[in-house]
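Reader: I'm new to this and would love a close look at a single part of this structure. Could you walk me through the packing inside?

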Amino acid sequence: MTGWRCWPEIRSVDDALFSRAARATGAVAFSLDLDRAHFSGPVGEIGLLKPDYRMDDIIDMLAPGDREDFTAALVSGDIDLRVRMVGEEGAVRYLRFIGSRAGDESLTGLILPAGRFSIDARDQLDRETRVTDAVEDGEILAHYQPIIALETGRLAGFEALARWDRPGVGIIGPDDFLALADDLDLLGRIGDQVRETAARDLAAWRRSASGAPLFMAANASVGELLADGFTDRLIAAVTKAGLRAGTYKLEIAETEIMREPDRAAAVIAELKAAGIQIALDDFGTGYSSLSRLDEFSFDTVKIDRYFVRAMSASASAAKVVESVLQLAKHYGMTVVAEGIESAETADQLAAMGCDFGQGFRFAGAVAPELAAEIVRSGLPGRIISPLG
């Protein structure tokens, strides 16, 4: 009782009543506002050591992926929310907050157990925390995979790809963190950071290599493309970097486009009007967009790596590549082949009339410093500098 009464700014409630409810249900009663949290009942069952906390301390105990929803609930009229919380002793629990608010008073209700964590629960929570901190601390960076003009072997541009420069570990590829970042609703922030950085770096390289027609490609999901403010942020980043129209390309996967084709078409038209080119990524993995290429007015088509790698052993795969090249040329689009791993494949694609290629035959994604060096000097035996 005394711990509750010492905070008069939180609504005075009957602690005894809450305690009886808690004992009857095996729950803990709560009263929450934006600054303070008060708990009554068996608080040890939810990993707490005392009844009163600062709200920031409680939020810090939650899994990173649950914090935004919990914070939003604090200003709502009702709450029915399942969260994961790390108690002060370090154990992880599923908890369910159920409650309501009367007028301008504190949010009050009960905390119920909401299931058991698996043995890997703490590891999962640690991974979520690490990825969240990495985004906050600027550890997610843009690395760049060279894109080569197949006819000449010269560097034509780069594709910006997200990498995690994790302290004490090194560079971590996207397969090890992007799916988790998506679950945590961090993918948009990571994408914005990578796309903005890519615009700045391209501008710097074009200044250092005056006259070199370098371009930059960066990715976006359809969820990002259709998010509020996406076009404004991307156009502002490209404009601020001072990039010439047509030198920045946004790549969107074929299967992604067809999730929301009509809305995507409107956004694409807005980006193209601002001088940002659009590339259809992973072409060949879906079929529904074949008849809509003219409607979307893509500037570039990227042939999926599966068909490129299968070309040497599969006549049907080679036929798909030839068909894509013919279709793209019909609509006035350039073509990039992904996944080139040998000089023979690069030569075969060049003979077919493919404009550009990327893959380990030339280089994987490299750090910005090495990308700048490739612009200046190329990569012996693999890439010719655009200045050479």
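**Inside the chain**

Author: Let's set the scene: the chain has 16 helices and 15 strands, where helices (H or I, at least four residues) and strands (E, at least two) are DSSP runs, numbered from the N terminus. This is a predicted model, so local features need pLDDT of at least 70, side-chain atom pairs count only at pLDDT 80 or more, and totals for chains, interfaces and linings use all residues. Residues are numbered from 1 along each chain as its sequence is written, and side-chain values use heavy atoms, with hydrogens and water left out.

Now for the core. A nonpolar core is a set of buried Ala, Val, Leu, Ile, Met, Phe, Trp, Tyr and Cys residues joined through side-chain atoms within 4.5 Å; buried means under 20% relative accessible area, with a 1.4 Å probe and protein chains only. The largest one holds 82 residues, and Tyr 248 and Leu 250 touch the most other members. Helix H7 (residues 187–208) gives this core its largest share, 7 residues.

Zoom in on Leu 250. Neighbours within four places in sequence aside, Leu 250 has contacts (heavy atoms within 4.5 Å) that include Phe 230, Leu 234 and Leu 271.

Those three turn up again where two helices meet: Phe 230, Thr 231, Asp 232, Leu 234 and Ile 235 in H9 touch Val 267, Glu 270 and Leu 271 in H11. That contact divides into 5 nonpolar, 1 polar and 2 charged residues, with Ala, Val, Leu, Ile, Met, Phe, Trp, Tyr, Cys and Pro counted as nonpolar, Asp, Glu, Lys and Arg as charged, and the others, Gly among them, as polar.

Definitions and conventions
Buried < 20%, exposed > 50% of the residue type's maximum accessible area, 1.4 Å probe, protein only.
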